[in-house]
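Me: Could you take a close look at one part of this structure for me, and then tell me what else deserves attention? I'm happy with cut-offs and numbers, so don't hold back.

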Amino acid sequence: MTRVAPPPDHPSEQPSEQPSERPRTPDPEAPDPTAAFAALLTDPGQRLLERVREVTPAEELAVATRLRREHPPALVAAALSQARLRQRAEAKFGADAAAMYFTPEGLEQATRTSVADWRAGRLARAGVRRIADLCCGIGGDAIALARAGLNVLAVDRSPLTCAVAEANAAALGLADRIEVRNAPVETVVDAELDGRVDAFDAVFVDPARRGGRGRIFDPESYAPPLSWALATAARLPNAALKIAPGVPHEAIPPWAEAEWVSHRGEVKEAVLWFGDLAEPGLRRATLLPGGDSLAGAPEPAPAGAPGRYLYEPDGAVIRAGLVGAVAEAVGGRLLDPSIAYLTADAIVPTPYATAYEITDVLPFHLKRLRALLRERDVGTLTVKKRGSAITPEELLRRVRPSGRNAATVFLTRVAGAPSMILGRPLRPTP
């Protein structure tokens with residue numbers, strides 16, 4: 001049994017863009033997706049959606065064939081697609097997913113409920129009552145904002161996306177708090193704010209960060225670009241801008257507070273806060289679902305020799321540049337000046353890093369690792385890496401662990417030298 005857990009080699013590294021499939025030529029005879037979705041909201045569509053609610057992927061073909069004898073093929077396809085999306089959406093939306101509506105792209109890009117709730121709570125605690133949710137997508141953030149007590153104008157340029165967002169607001173009983181508008185966000189902002197400083201208390205912008213070739217890493221290539229979002233933020237007392245977690249720190253304006261949010265150890269987003277919501281220049285790492293939040297200014301951490309324990313900082317801490325703050329809290333030091341692994345001689349509980357007891361620190365050598373694993377009867381090997389060229393998959397193929405025991409190996413550098421560190425995770429203090 002093997003487990004692979006490869007975090008980014010370095011907090012500044014970005015994944016490279018992957019070429020996407022060539023754009024498909026639109027089929028003039030294909031059903032209009034907005035019309036197909038509207039058909040789902042009719043009584044026949046709702047009954048059909050209920051019938052296919054628990055259909056599994058393996059059953060879809062047979063079920064579709066049978067249902068097409070009674071219903072239009074486009075409606076059957078829409079219902080089966082929606083049922084499949086609802087099943088996938090449970091991971092992000094929990095029990096709400098069974099009543100909501102989705103598009104494949106909208107579900108992929110939607111904010112997890114716990115993250116959206118955290119952000120909405122911060123806005124509500126600051127006294128925001130009227131907010132414009134720009135690039136609202138399927139409405140996940142608008143729902144969280146409305147549940148926090150805010151009145152929301154949700155705007156998107158996609159007719160289908162707006163139809164889905166409107167249906168979600170109605171399905172969850174929030175239609176009285178959420179107004180959905182299909183329009184370019186730029187024109188809505190100009191129309192609403194022109195001469196009306198009280199139009200909104202705040203604006204939330206979640207620009208599109210995907211294009212024809214996949215993810216977009218240049219903030220000026222977002223849609224709308226970061227510069228437009230920043231200019232819009234300056235027109236209101238409060239603003240929150242959602243950006244990619246890997247945004248370069250130099251792209252963050254000095255008058256913004258930047259917060260990185262992780263959920264169960266996985267970094268989900270970064271948000272720039274402005275106005276009354278922000279402490280300019282502050283960097284923050286927030287860990288959900290617990291809500292622990294570490295704030296400060298990035299400071300370097302000292303480096304030194306391996307101690308008895310290794311600390312792996314949460315990804316949000318790394319992205320926020322707050323590894324130095326964690327090092328100070330645990331009395332630790334970096335194993336290598338350029339890599340975010342900490343070591344210490346004593347264990348100090350912290351929510352901002354996972355602690356491991358170190359059993360071995362060795363120069364990188366696969367044959368030696370294979371022999372050590374065999375000697376200790378290790379069959380479950382968790383591989384983590386930062387600053388190492390070998391991939392976890394390749395290492396597992398080459399060492400072929402087999403046994404009854406478990407271990408974790410860190411492929412990294414110690415004072416610049418390629419190294420292997422073996423250890424075991426410590427159980428959190430109750």
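What follows is one long answer, which begins with strand β3 (residues 151-156) and then moves to rings, loops and confidence.

Reply: Sure. A bit of housekeeping first. This is a predicted model, so local features need pLDDT of at least 70, side-chain atom pairs count only at pLDDT 80 or more, and totals for chains, interfaces and linings use all residues. Residues are numbered from 1 along each chain as its sequence is written, and side-chain values use heavy atoms, with hydrogens and water left out.

Now to β3. Five of its six residues are buried, so the strand is largely enclosed by the rest of the structure. (Buried is under 20% relative accessible area, exposed is over 50%, and partly exposed is in between, with a 1.4 Å probe and protein chains only. Strands are DSSP runs of E with at least two residues, helices are runs of H or I with at least four, and numbering goes from the N terminus.)

What does β3 pair with? Strand β2 (residues 130-134) pairs with β3 in the parallel sense, over five bridges. Strand β4 (residues 178-182) pairs with β3 as well, in the parallel sense and over five bridges. (Pairing takes at least two DSSP bridges between the two strands.) If you want to check the register, V152 is the bridge partner of I131, and L153 stands opposite E179 in β4.

Next, the connections. Going from β2 to β3, the chain passes through helix α7 (residues 140-147), and this β-α-β crossover is right-handed. Leaving β3, helix α8 (residues 159-171) leads on to β4 in another right-handed β-α-β unit. (Right-handed: with the strands pointing away from the viewer, the path from the first strand over the helix to the second runs clockwise.)

L153 is a handy residue to zoom in on, as it belongs to β3. Its relative accessibility is 5%, so L153 counts as buried. Its C-alpha is 4.9 Å from that of E179, although the two are 26 residues apart in sequence. Beyond four places in sequence, L153 touches I131, A132, D133, E179, R181, V188, E192 and F200. (A contact is heavy atoms within 4.5 Å.)

In the loop between β2 and α7 sits C135. Its phi is near 65°, a positive value in a residue other than glycine, and C135 is buried at 17% relative accessible area. Another non-glycine with positive phi is D377, at about 60°. D377 lies in the loop between α13 (366-375) and β17 (378-385), and its 22% relative accessibility makes it partly exposed. One more backbone feature: the peptide bond from L288 to P289 is cis, with omega near 10°. P289 is in the loop between β11 (283-288) and β12 (292-296).

Then the rings. The whole structure has four aromatic pairs. (Rings of Phe, Tyr and Trp, the last by its six-membered ring, pair with centres within 6.5 Å; planes under 30 degrees apart are stacked, over 60 edge-to-face, and the rest tilted.) One of the pairs is F93 with F102, tilted, with 5.5 Å centre to centre and 50° between the planes. F93 and F102 are buried. Another, Y341 with F410, is edge-to-face at 5.2 Å and 85°. Y341 is in strand β15 (residues 339-344) and F410 in strand β18 (residues 405-414), so this pair ties together parts that are 69 residues apart in sequence. Y341 is buried at 0% relative accessibility, F410 at 1%. Together with Y356, these two residues make one aromatic cluster.

Two arginines place their charged ends over rings: R86 over Y101, 4.8 Å from the ring centre, and R125 over W118, 5.9 Å from the centre. (The test is NZ of Lys or CZ of Arg within 6 Å of the ring centre and within 35 degrees of the ring normal.)

How far to trust it? Mean pLDDT, the predictor's per-residue confidence from 0 to 100, is 89 for the chain, and 90% of residues reach 70 or more. Residues 1-26 stay under 50, though the model has 51 contacts for them beyond four places in sequence. Where pLDDT is low, the predicted coordinates should not be read in detail.
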